[in-house]
Amino acid sequence: MLGQVTWVKEAMFVGEAGSGNSVVMEAGETNNGIRPMEMILLGVGGCSSVDVVSILQKARQDVLGCHVELKGHRPDAVPAPFEKIEMEFVVRGRNIKESQVARAVELSADKYCSASIMLGKAGIEIVHSYRIEEV
């Protein structure tokens, strides 16, 4: 995996992945881009969400929507690494089996999501939960 981060101005940078996709990052007061720690939080949410949706689809669940609500806990100090990340998956669909959602979240957390497994091995507490919204 390759990437490059280029300074644009002030506290603004553009990150470009080897895939050719890019993102604007910003660490100052102007709020012109996503902050690097937000990228990590969203990255772990995206990684896990891909797993959960894929596992539910393979289990033939009628999933119509899925999102994960994320809450990252950091100390009020410098540096301020994540100490805990809470992830609540909200799965929308018809006749979704709770056991399948629980299994999908558990498999992502324990076996498939490289991002959450990596952060967990770094000592970050990661809490997973879910709720089902019947449509």
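# A first walk through the chain

So, hi everyone. Residues 24 or more positions apart account for 54% of the contacts in the chain, counting contacts with a separation of 6 or more. Keep in mind throughout that this is a predicted model.

Let me start with the layout. The chain has three helices and six strands. If you read along the sequence, the order goes β-β-β-α-β-β-α-α-β. As for dimensions, the C-alpha trace spans about 50 × 35 × 30 Å along its principal axes.

Next, the surface. There are 135 residues in the chain, and 30% of them count as buried. The chain exposes about 8,600 Å², and carbon and sulfur atoms supply 53% of that area. On the charge side, we have 14 positive and 18 negative charges, and their mean positions sit 8 Å apart.

Now to the inside. Which residues touch the most other members of the largest nonpolar core? They are Leu 56 and Ile 85, in a core of 21 residues. The elements that give two or more residues to this core are H1, E4, E5, H2 and helix H3, which covers 114-121. H1 gives the most, with five residues.

Let's stay with Leu 56 for a moment. Setting aside residues up to four places away in sequence, Leu 56 touches Gln 61, Val 63, Val 91, Gln 100, Val 101 and Ala 104.

Right beside it in the numbering is Ile 55, which has its place in helix H1. Buried or exposed, what is Ile 55? Ile 55 has a relative accessible area of 11%, and buried means under 20%, so Ile 55 counts as buried. Beyond its neighbours within four places in sequence, Ile 55 is in contact with Arg 103, Ala 104, Leu 107, Ser 108 and Tyr 112. Ala 104 turns up in the contacts of Leu 56 and again in those of Ile 55. Here's a pair to look for on the screen: Ile 55 and Gln 100 are 45 residues apart in sequence, yet their C-alpha atoms are 8.5 Å apart in space.

Let's go to the two ends of the chain. Ala 17 has its place in strand E2, residues 12-17. With a relative accessible area of 36%, Ala 17 is partly exposed. Not counting residues up to four places away, Ala 17 touches Leu 2 and Gly 3. From C-alpha to C-alpha, Ala 17 and Leu 2 are 6.1 Å apart, with their positions 15 residues apart in the numbering.

Later in the sequence, Val 127 is in strand E6, residues 125-134. Val 127 is partly exposed too, at 30% relative accessibility. Leaving out neighbours within four places in sequence, Val 127 is in contact with Lys 84, Ile 85, Glu 86 and Met 87. You'll remember Ile 85 from the core, where it was one of the two residues touching the most other members. By contrast, take Val 127 and Leu 41: they are 86 residues apart along the chain, and their C-alpha atoms are separated by 13 Å.

On to the cysteines. How many disulfides does the structure hold? Zero. Why no bond for Cys 66? The closest cysteine sulfur is the one in Cys 113, and at 13 Å that is too far for a bond. For comparison, the cut-off for a disulfide is two sulfur atoms within 2.5 Å. The surroundings are worth a look as well: Cys 66 is partly exposed at 26% relative accessible area, while Cys 113 is buried at 0%.

Last topic, the backbone. Most residues other than glycine have a negative phi, and most peptide bonds are trans. Here are some exceptions to look up. Val 78 and Pro 79 are joined by a cis peptide bond, with omega about 0°. Pro 79 lies in the loop between strand E4 (62-73) and strand E5 (84-94).

Then there are two positive phi values. Arg 60 has a phi near 60° without being a glycine. You'll find Arg 60 in the loop between helix H1 (36-58) and E4, and it counts as exposed at 74% relative accessibility. Asn 95, also not a glycine, has a positive phi of about 55°. Asn 95 lies in the loop between E5 and helix H2 (98-112), and with a relative accessible area of 64% it is exposed.

That's my tour. Thanks for listening!

Key. Residues numbered from 1 in each chain as written. Predicted model: local features only at pLDDT ≥ 70, side-chain atom pairs only at ≥ 80, totals over all residues. Heavy atoms only, no water. Helix = DSSP H or I, 4+ residues; strand = E, 2+ residues; numbered from the N terminus. Buried < 20%, exposed > 50% of the residue type's maximum accessible area, 1.4 Å probe, protein only. Contact = heavy atoms within 4.5 Å. Areas by Shrake-Rupley, 256 points an atom, 1.4 Å probe, with all protein chains shown as cover. Lys, Arg positive; Asp, Glu negative; His and termini not counted. Charge placed at Lys NZ, Arg CZ, Asp CG, Glu CD. Core = buried A, V, L, I, M, F, W, Y, C linked by side-chain atoms within 4.5 Å.
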